[in-house]
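I opened this entry to record what I looked up, item by item. The topics are the DNA surfaces, the contact between chains, and the symmetry.

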2 protein chains.
Amino acid sequence: MRWLAPSILCLLWEKPTHGYNLMGALPELGFVDGGVDAAAVYRTLNLFEQQGLVSSVWDTSGSGAAKKLYTLTAAGKTELQRWWQVMREQRDTIDCFLHRLADLPDFIDQLSQSRK
Amino acid sequence: MRWLAPSILCLLWEKPTHGYNLMGALPELGFVDGGVDAAAVYRTLNLFEQQGLVSSVWDTSGSGAAKKLYTLTAAGKTELQRWWQVMREQRDTIDCFLHRLADLPDFIDQLSQSRK
DNA sequence: TGCTTATATATGCAAGTTGCAAATATAAAT
DNA sequence: ATTTATATTTGCAACTTGCATATATAAGCA
């Protein structure tokens, strides 16, 4: 999944949570295609912790298997800001590309025909 | 480089050309970060030809090494339309993500402080 | 003439990323 | 008991990427 890193940072910024819960919440952000890969989520979280972007505590309070509760650090918030800028640039670049194609009339004709 | 495939299709749709020229034109589209990889361009063109998205003829008319002139086929145009839709969705999703973060006030405060 | 630079295409490979499967563990539901 | 849901982790094959290198033609220049 593209944009997994900023998606996790975004969700953790909204609310500290654990990996399994993130898996359920990630599709809301819209970047998923064909299901969230658990391995990728947990690997990203472990990497983030190594990098100091998140901190974790084991939560054994509830029932079932122990949950590892992740919280965004100050460094994690900075990283999220960096991502925000990267994604804004990416959006603008894609937008520019779309307009470049949209300016060309036959192409748009074909597109509107295919919508009918 | 992300979006190399649609970028090449876009440029070929505007005007038939050859690989080396594409390398020079690709940065205009804005997706490059750290230079265009010649290997990636030529590999993509060869793949496109295999898939029937482009057709090629050797151009030995000019001076210097022979150029392989690529032209977009009907299938290539259809593929470009497909990419257009994929990229529009991607832009909308990124836009949604940016707004989700933008709605949160402290975050924006921090961003505006970092701009000063 | 020999050297470098620009044009032009192609191949090889190491490193990184991704996706899918499976291992491990606890507890609830059937 | 067995399956299902919760929860985290590891292994690995396949694919992608970036970088270097090989090959070839011709122009510029000393």
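**Entry 1: DNA strand D.** I began with the surface near DNA strand D, to which α2 (19–25), α3 and β3 (67–72) of chain A, together with α3 of chain B, each supply at least two residues. Helices here are DSSP runs of H or I with at least four residues, strands are runs of E with at least two, and both are numbered from the N terminus. This is a predicted model, in which local features need pLDDT of at least 70 and side-chain atom pairs count only at pLDDT 80 or more, while totals for chains, interfaces and linings use all residues. Residues are numbered from 1 along each chain as its sequence is written, chains are lettered from A and ligands numbered from 1 in the order written, and side-chain values use heavy atoms, with hydrogens and water left out.

I then asked which element gives the most to the surface near DNA strand D. It is α3(A), with five residues. I found that 20 residues surround DNA strand D, the closest being Tyr20(A), Tyr42(A), Arg43(A), Lys67(A) and Lys68(A). For this purpose a residue is near a strand if one of its heavy atoms lies within 4 Å of it. By class I read 10 nonpolar, five polar and five charged residues. The classes put Ala, Val, Leu, Ile, Met, Phe, Trp, Tyr, Cys and Pro under nonpolar, Asp, Glu, Lys and Arg under charged, and the others, Gly among them, under polar.

On the strand side, 58% of the DNA strand D atoms within 4 Å of the protein belong to sugar or phosphate, and the rest belong to bases.

I noted three atom pairs at DNA strand D:
- A polar backbone atom of Gly19(A) is 3.2 Å from a phosphate oxygen.
- An N or O atom in the side chain of Arg43(A) is 2.7 Å from a base oxygen.
- A polar side-chain atom of Asp37(B) lies 3.3 Å from a base nitrogen.

**Entry 2: DNA strand C.** I repeated the lookup for DNA strand C and found 19 residues around it, the closest being Tyr20(B), Tyr42(B), Arg43(B), Lys67(B) and Lys68(B). Of its atoms within 4 Å of the protein, 60% belong to sugar or phosphate and the rest to bases. The residues near DNA strand C are nine nonpolar, five polar and five charged.

Two backbone pairs reach phosphate oxygens of DNA strand C: Gly19(B) through a polar atom at 3.2 Å, and Lys68(B) through an N or O atom at 2.5 Å. Arg43(B) instead places a polar side-chain atom 2.7 Å from a base oxygen. The elements giving two or more residues to this surface are α3 (38–50) of chain A, with α2 (19–25), α3 (38–50) and β3 (67–72) of chain B. The largest share, four residues, comes from α3(B).

**Entry 3: chain A against chain B.** How many residues does each chain bring to the contact? I read 34 from chain A and 34 from chain B, with contact meaning heavy atoms within 4.5 Å. The area buried between them is about 3800 Å², of which carbon and sulfur atoms give 68%. Buried area is the accessible area (1.4 Å probe) that two parts lose on being put together, summed over both. Trp84(A), Phe97(A) and Arg100(A) supply 20% of what chain A buries against chain B, more than any other three residues.

I looked up the polar side next. The interface has 10 residue pairs in polar contact, both residues at pLDDT 80 or more. A polar contact is a pair of N or O atoms within 3.5 Å; within protein, one must be able to donate a hydrogen and the other to accept it, and residues adjacent in sequence count only if both atoms are side-chain atoms. On the side of chain A that touches chain B, α1 (4–14), α4 (74–102) and α5 (105–115) of chain A give two or more residues. The largest share of that side, 17 residues, comes from α4(A). That side divides into 18 nonpolar, seven polar and nine charged residues.

**Entry 4: salt bridges.** I counted a salt bridge when a side-chain nitrogen of Lys or Arg is within 4 Å of a carboxyl oxygen of Asp or Glu. The count is 10 over all chains, and six are found across the interface of chain A and chain B. Arg100(B) pairs with Glu14(A), the closest N and O atoms being 2.6 Å apart. This pair crosses between chains, from helix α4 (residues 74–102) of chain B to helix α1 of chain A.

**Entry 5: symmetry.** I checked how chain A maps onto chain B: a turn of 180° and a shift of 0.0 Å along the axis lay one on the other with an RMSD of 0.0 Å. The two copies are therefore related as by a two-fold rotation axis. The superposition is by least squares on the C-alpha atoms of residues with pLDDT of at least 70 in both. Which residue of chain A comes closest to the rotation axis? It is Arg91(A), with its C-alpha at 2.7 Å. I also noted that 100% of the interface residues of chain A are interface residues in chain B too, so the copies meet through the same surface.
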